[in-house]
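Please look over the sequence and the model together before reading on. The paragraphs below move from the chain as a whole to a handful of individual residues.

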Amino acid sequence: MFIKEASELTGATQRAIRLYESLGLLEVSRSGKYRVYNDANINLIKIIKEGQKLGIQLSEMVSLKKGQEEFDWQVVRNFLIEKEHDVEAEIQRLKAQKTEIQNYRESITFCLEGVDSHL
């Protein structure tokens with residue numbers, strides 16, 4: 001299949017698919033000047049898109065692939081464990097920030113109530 005159909009099947013734009021190829025994430029055979037995508041390419045494009053939804057940068061995927069033809073799925077699994085820890089740390093940081101915001105808001109409300117009582 002050609003790039004248009006690959007785009008339709010995966011939801012990735014044709015530009016994104018070309019980018020994946022230029023970064024070495026995707027190896028596509030050619031027939032003349034046309035790229036010809038197979039089922040393995042389609043599955044890999046879907047994996048790349050899913051990784052992006054999970055917050056994985058394309059540069060991180062390139063590092064994970066290390067120029068190999070296939071991903072080392074054990075390395076990917078370990079990376080995802082680290083990513084999960086990073087997300088958990090960010091959640092904790094945001095919870096602390098939310099608490100600070102609530103405290104400041106309560107302080108401001110208290111001050112405003114004090115001002116209103118003096119009028």
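How much area does the chain expose, and what share of it do carbon and sulfur atoms supply? The exposed area of this predicted model comes to about 8,800 Å², and carbon and sulfur atoms account for 55% of that area. Among the 119 residues of the chain, 24% count as buried. As for the charges, the chain carries 17 positive and 19 negative ones, and the mean positions of these two sets lie 8 Å apart.

Before the details are read, the confidence of the prediction deserves a word. The mean pLDDT of the chain is 93, and 97% of its residues reach 70 or more. Confidence is highest in helix α2, residues 14-22, where the mean is 96, and lowest in strand β1, residues 29-31, where the mean is 90. Where pLDDT is low, predicted coordinates should not be read in detail.

The secondary structure of the chain consists of five helices and two strands, and along the sequence these elements follow the pattern α-α-β-β-α-α-α. The chain is more spread out than a compact globule, because its radius of gyration is 24 Å, well over the 14 Å that the globule rule gives for 119 residues. Taken along the principal axes, the box filled by the C-alpha atoms is roughly 85 × 30 × 20 Å. Of the contacts in the chain with a separation of 6 or more, 48% are accounted for by residues 24 or more positions apart.

Turning to individual residues, one may begin with S7, which is found in helix α1, residues 3-10. S7 counts as buried because its relative accessible area, 14%, is under the 20% cut-off. If its neighbours within four places in sequence are left aside, S7 is in contact with A12, T13, Q14 and I17.

The residue I17 also serves as a reference point for N41, which has its place in helix α3: the two are 24 residues apart in sequence, and their C-alpha atoms are 9.9 Å apart in space. Is N41 buried or exposed? With a relative accessible area of 6%, N41 is buried, and, apart from its neighbours within four places in sequence, N41 makes contact with L26, E27, V28 and V36.

Helix α3, which spans residues 39-53, also holds N43. At 44% relative accessibility, N43 counts as partly exposed, since this value falls between the 20% and 50% cut-offs. Between the C-alpha atoms of N43 and E84, which are 41 residues apart along the chain, the separation is 23 Å.

Finally, helix α5 covers residues 73-117 and includes F110. The relative accessibility of F110 is 62%, so this residue counts as exposed, the cut-off being over 50%. The C-alpha atoms of F110 and E90 are separated by 30 Å, with their positions 20 residues apart along the chain.

Methods. Residues are numbered from 1 along each chain as its sequence is written. This is a predicted model: local features need pLDDT of at least 70, side-chain atom pairs count only at pLDDT 80 or more; totals for chains, interfaces and linings use all residues. Side-chain values use heavy atoms; hydrogens and water are left out. Helices (H or I, at least four residues) and strands (E, at least two) are DSSP runs, numbered from the N terminus. The radius of gyration is taken over C-alpha atoms; the globule rule is 2.2 Å times the number of residues to the power 0.38. Buried means under 20% relative accessible area, exposed over 50%, partly exposed in between (1.4 Å probe, protein chains only). Contact means heavy atoms within 4.5 Å. Accessible areas come from the Shrake-Rupley method with a 1.4 Å probe; for residues, only the protein chains shown count as cover. Lys and Arg count as positive and Asp and Glu as negative; His and the chain ends are not counted. The place of a charge is taken as NZ of Lys, CZ of Arg, CG of Asp or CD of Glu. pLDDT is the predictor's confidence in each residue, from 0 to 100.
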